[in-house]
2 protein chains.
Amino acid sequence: MNRIFGQNHIGYQESALGDHVFFGINPKTNQQFESVFRQATTEEVDAALEKAKRAFEVYRRIPVEKRVAFLKAISEKIQANKEALIHWFCAESALPEDRAETELNRSCFQLEYYANALATGYALEIKNDPANPDRKPAPKPSLMKMNVPVGPVVVFGASNFPFAYSVLGGDVASAFAAGCSVLVKAHAMHPHTSSLSAQLILETAQEHGMPDGIFSHLLAEDFKVGQQLVQDLRTKAVGFTGSIGGGMALQKLINERSEPISLYAEMGSSNPIVLTKAAIKNRTSEIAKQISASVLLNAGQFCTSPGLLFVEESAELKLLKEEMTHYFAQSDLQCMLHPGISQRYFERIKEHEVYAEVIYKGKSEGNFIQPTLAEASGEQFLSNPKIQEEIFGSYLTIIRCKDESELKSCLISLQGQLTVSLYAEEQEHLEELLAIAVMRAGRIIFNGVPTGVEVSFAQQHGGPFPSSLNSYFTSVGWDAIKRFQRPVAFQNFPECFENNKLKFSENTHFLHFLNGKYVQFP
Amino acid sequence: MNRIFGQNHIGYQESALGDHVFFGINPKTNQQFESVFRQATTEEVDAALEKAKRAFEVYRRIPVEKRVAFLKAISEKIQANKEALIHWFCAESALPEDRAETELNRSCFQLEYYANALATGYALEIKNDPANPDRKPAPKPSLMKMNVPVGPVVVFGASNFPFAYSVLGGDVASAFAAGCSVLVKAHAMHPHTSSLSAQLILETAQEHGMPDGIFSHLLAEDFKVGQQLVQDLRTKAVGFTGSIGGGMALQKLINERSEPISLYAEMGSSNPIVLTKAAIKNRTSEIAKQISASVLLNAGQFCTSPGLLFVEESAELKLLKEEMTHYFAQSDLQCMLHPGISQRYFERIKEHEVYAEVIYKGKSEGNFIQPTLAEASGEQFLSNPKIQEEIFGSYLTIIRCKDESELKSCLISLQGQLTVSLYAEEQEHLEELLAIAVMRAGRIIFNGVPTGVEVSFAQQHGGPFPSSLNSYFTSVGWDAIKRFQRPVAFQNFPECFENNKLKFSENTHFLHFLNGKYVQFP
């Protein structure tokens, strides 16, 4: 396939009016690709926002079946263009081909799965409370509540998931499923992948007769495009996956708006793993292997990569460290996503060396790294909050606690996390540990590693601050759609409740699902 | 009953250390009551926050049945102290006794209803996605998701609902139901009602063995106590019902925190009512009567009191105005809640006279008022956004539109509202009007008035900005509890799904409900 790169997509229109240019980079060689990408101008961003506003008014009223078909068709389009997508994904991110394929399939599954959240009615969250005209002292009116879309959504592509958290990712899929138009601020670390993905969405949208402006793709290297997008009053919600610094900067810009909106920022985590004494005693080698594999995966460039391992002093700790050192030292050097990412990684591990003793120092060459294993005492951990700050990339610090009480104090002092993992035996009394963990994280994993975020209606990807800016919502799974919807109650619409259908509203999406499928609650 | 007034309640301890004193006022006479209320000092607020933090750690782990019993017992305690409560409610608010009784019963119903949200499991929103070890390419882990409480909640008492949106109100009830400790900033317009209510909650808490600090009641006349409460990092969420100015000032203070939290501010609304041509033609007198009664109710001091009436030019409009004028002019003068409220009302109607022509000017005397009826053209409405700003108190402006197209333009230009009401005939095609209304409000009422907010699991009390600061949530109904909870997913806890019970977690509240009641989804 022969595609043109370098243009912004203002709805169905290509545009490249700006003077600020930038290039994609091959992180394996640090060499630029040849296409010239032009950062969107203020006028281009404005035009995209205006189109998104108008398209929203059309798209939100399109029957839900058409939204379902559109989402599924994007998935098909991705599969049909798999080769080109995987080519650019690997070229720009240095991630291996098997990862590209897994992530591509994840994107497709997400689109289809979110389509099913619509098709089954789950996403509308309909609740019916029927009237009771005989109630005393006043008659009770009927109420039917359901979700409606909020308006144009801005999505920031993430550096570490060029498919599944960028243009083809969960934020875009859930915003479309919610009934919103979408504007993506492309991530400058993978502009080809992003542009190609955008073109596939736009082709699908055109084939499905979707309104011009349902999707726009804006190129940006600096912060200006993002600032304009989140501060414009036509924007009604924002999805972001990235660093704490990035998320907080966006929130600050949003705080200056006259009309507040929700920013859903998933800002990473150190994903602590806790080993009970029984677990480390019974399963030292198995645990060392599992955790090492999780730390090693794709150079640890995941928001769920484990960075902290809490364990009590024990005879088996020495063996655990030896085995992990073995796995770390044996591992191939892996290229990081971008020279900017590896530079930051090297800075962070240098800072971290001041707080924790290095057990195994990973080798490195250019942007290629091996994981590093470090260690600190519980006392050190408690006295220095910097130890718990995330290092993006493979880096694990063992926190050696002198007893259970110190381990619990360490866990209590944790800042908000996406996940806490707990290796323990099933017969153990874990009430206390669970009661602590549940206040510190959005997902608790029993005898498993945090990497691998299942796309499920029961998933929660988002924890207390600073792992997320809005821990009431998830960025993965069916409930991710709710980030771009708000509830509306319909009072005294009698026919809703007589035959679950309002005759004068058959064509409006927001009452479209009242077709008898939904039983009354409870 | 003989109660002491004037003290703060720092958990179970009474305290009155401050020098800043204030008094309750009888709005009918503008005379002070004799009790001296002492605004909480910085130290008292700090002590209450520390107790709330500690009590939360205990309360969140108390079995859910005990929470249910506690909520129901508060309701019983209210009924047992009905006489004293109603005495102070009427004395401080000038609201009539029948309203006091209705509101008291509403408070009791809310407490019992929210207890049932727990007892039935609704409030935990449990979602089970079972494992599939045979899935290719990777096995699927089990996931179980449920809600956990966020931590200490600060509630601001509302001036216009001394029971149902203050100490005994929906915010406190839903925070307790969620599993949170609560700190109330008492509203200075009804300090006796507030203090008496607080004492009833504390007595009930003690009788039920609840931890010291589960509830505190802090007296305040100026903004300092509120500022300290919302900026303290021990506070994890805030509930507020009041003005746009008040809500926005709180949000600004919260934006300065290092850890962001959610402010649930319900900030009022003009609650537009729309009449179709067919409706006004067929039911002029019935509609005039219903709307007049809604405007008149308790001097219009509701967030859902109707302030705008949209109608097309028609032969029946003259009759509608005449009949409404009749009802307005015949109505008794009603005392407003407080001299501060009536003063603001008189200022607002003076401002409003510049934009709209007065049809019937309500009489007034001291803090007593009659409703005013005004009128403006659709053109005037469209050219002056100030016309649509809320006037707190009985005041209705008819917006006379020259045709359906102008009426729709007016509706499109509305800012966010709690409600939109639509009087129409069932056979009419209302798709367009509904599609506009649904984007402008949290509740759409068909052939009815906006006053009267049913406490229901299908209720949505909260609309787009500026009617609410967080339109994703409701402040009335079962879903109000979700404002003080966040979801947590439990991965790979195998026994959850084998017999819906985790043996090592029987005593922890957060897995307490896995007792077989909950079916797997979908």
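Where is Gly366(B) found? This is a predicted model, and in it Gly366(B) sits in the loop of chain B that runs between strand 18 (364-365) and strand 19 (368-369). Gly366(B) is exposed, with a relative accessible area of 61%; that counts as exposed because the cut-off is over 50%. If you look for Met336(B), you'll find its C-alpha 9.3 Å from that of Gly366(B), even though 30 residues separate the two in sequence.

Now follow the strands on either side of that loop. In chain B, 3 strands make up an open sheet, ordered 16-19-18, with antiparallel pairing. Strand 16 (334-335) and strand 18 of chain B are at the edges with a single partner strand each, so each has one side without a neighbour in the sheet. Strand 16 of chain B is joined to strand 19 of chain B by 2 bridges, in the antiparallel sense. To pick out a pair by eye, start at Gln334(B): its bridge partner in strand 19 of chain B is Ile369(B).

Hop over to chain A and you can trace a sheet there as well. It is open, has 3 strands in the order 16-19-18, and its pairing is antiparallel. Its edges are strand 16 (334-335) and strand 18 (364-365) of chain A; each has a single partner strand, so one side of each lacks a neighbour in the sheet. Strand 16 of chain A and strand 19 (residues 368-369) of chain A share 2 bridges in the antiparallel sense. Here a handy landmark is Cys335(A), which stands opposite Phe368(A) in strand 19 of chain A.

How are the two chains related? A turn of 180° with a shift of 0.0 Å along the axis lays chain A on chain B, with an RMSD of 0.0 Å. That is what a two-fold axis does. To find the axis from chain A, go to Asn255(A): its C-alpha is the nearest in that chain, at 3.6 Å from the axis. Both copies use the same surface, as 100% of the contact residues of chain A recur in chain B.

Next, the inside. The largest nonpolar core has 250 residues, and those with the most contacts inside it are Phe176, Phe215 and Phe310 of chain A along with Phe176, Phe215 and Phe310 of chain B. Take Phe215(A) as a way in. Neighbours within four places in sequence aside, Phe215(A) is in contact with a set of residues including Phe176(A), Val172(A), Val182(A), Ile201(A) and Leu202(A).

Over in chain B, have a look at Val155(B), which belongs to strand 9 (residues 153-156). Is Val155(B) buried or exposed? Val155(B) is buried, with a relative accessible area of 0%. Not counting residues up to four places away in sequence, Val155(B) touches several residues, among them Asp171(B), Val172(B), Leu183(B), Lys185(B) and Gly239(B). From the C-alpha of Val155(B) to that of Thr241(B) is 8.9 Å, with their positions 86 residues apart along the chain.

Finally, the empty spaces. The whole structure holds 7 cavities of 30 Å³ or more. The largest cavity contains about 400 Å³ of space. It is lined by 26 residues, and those closest to its centre are Glu125(A), Lys482(A), Glu125(B), Phe473(B) and Lys482(B). Strand 8 (143-149) and strand 24 (485-491) of chain A, together with strand 8 (143-149) and strand 24 (485-491) of chain B, each give at least two residues to that lining.

Technical notes
Residues are numbered from 1 along each chain as its sequence is written. Chains are lettered from A and ligands numbered from 1 in the order in which they are written. This is a predicted model: local features need pLDDT of at least 70, side-chain atom pairs count only at pLDDT 80 or more; totals for chains, interfaces and linings use all residues. Side-chain values use heavy atoms; hydrogens and water are left out. Two strands pair if DSSP finds at least two bridges between them. Helices (H or I, at least four residues) and strands (E, at least two) are DSSP runs, numbered from the N terminus. A nonpolar core is a set of buried Ala, Val, Leu, Ile, Met, Phe, Trp, Tyr and Cys residues joined through side-chain atoms within 4.5 Å. Buried means under 20% relative accessible area, exposed over 50%, partly exposed in between (1.4 Å probe, protein chains only). Contact means heavy atoms within 4.5 Å. Copies are superposed by least squares on the C-alpha atoms of residues with pLDDT of at least 70 in both. On a 1 Å grid over the protein atoms alone, a cavity is a set of points where a 1.4 Å probe fits but cannot get out, and a pocket is an open set with protein on both sides within 12 Å along at least five of seven lines; lining residues have an atom within 4 Å of a point. Grid points are joined across faces, edges and corners, and a volume is the space filled by probe spheres set on the points.
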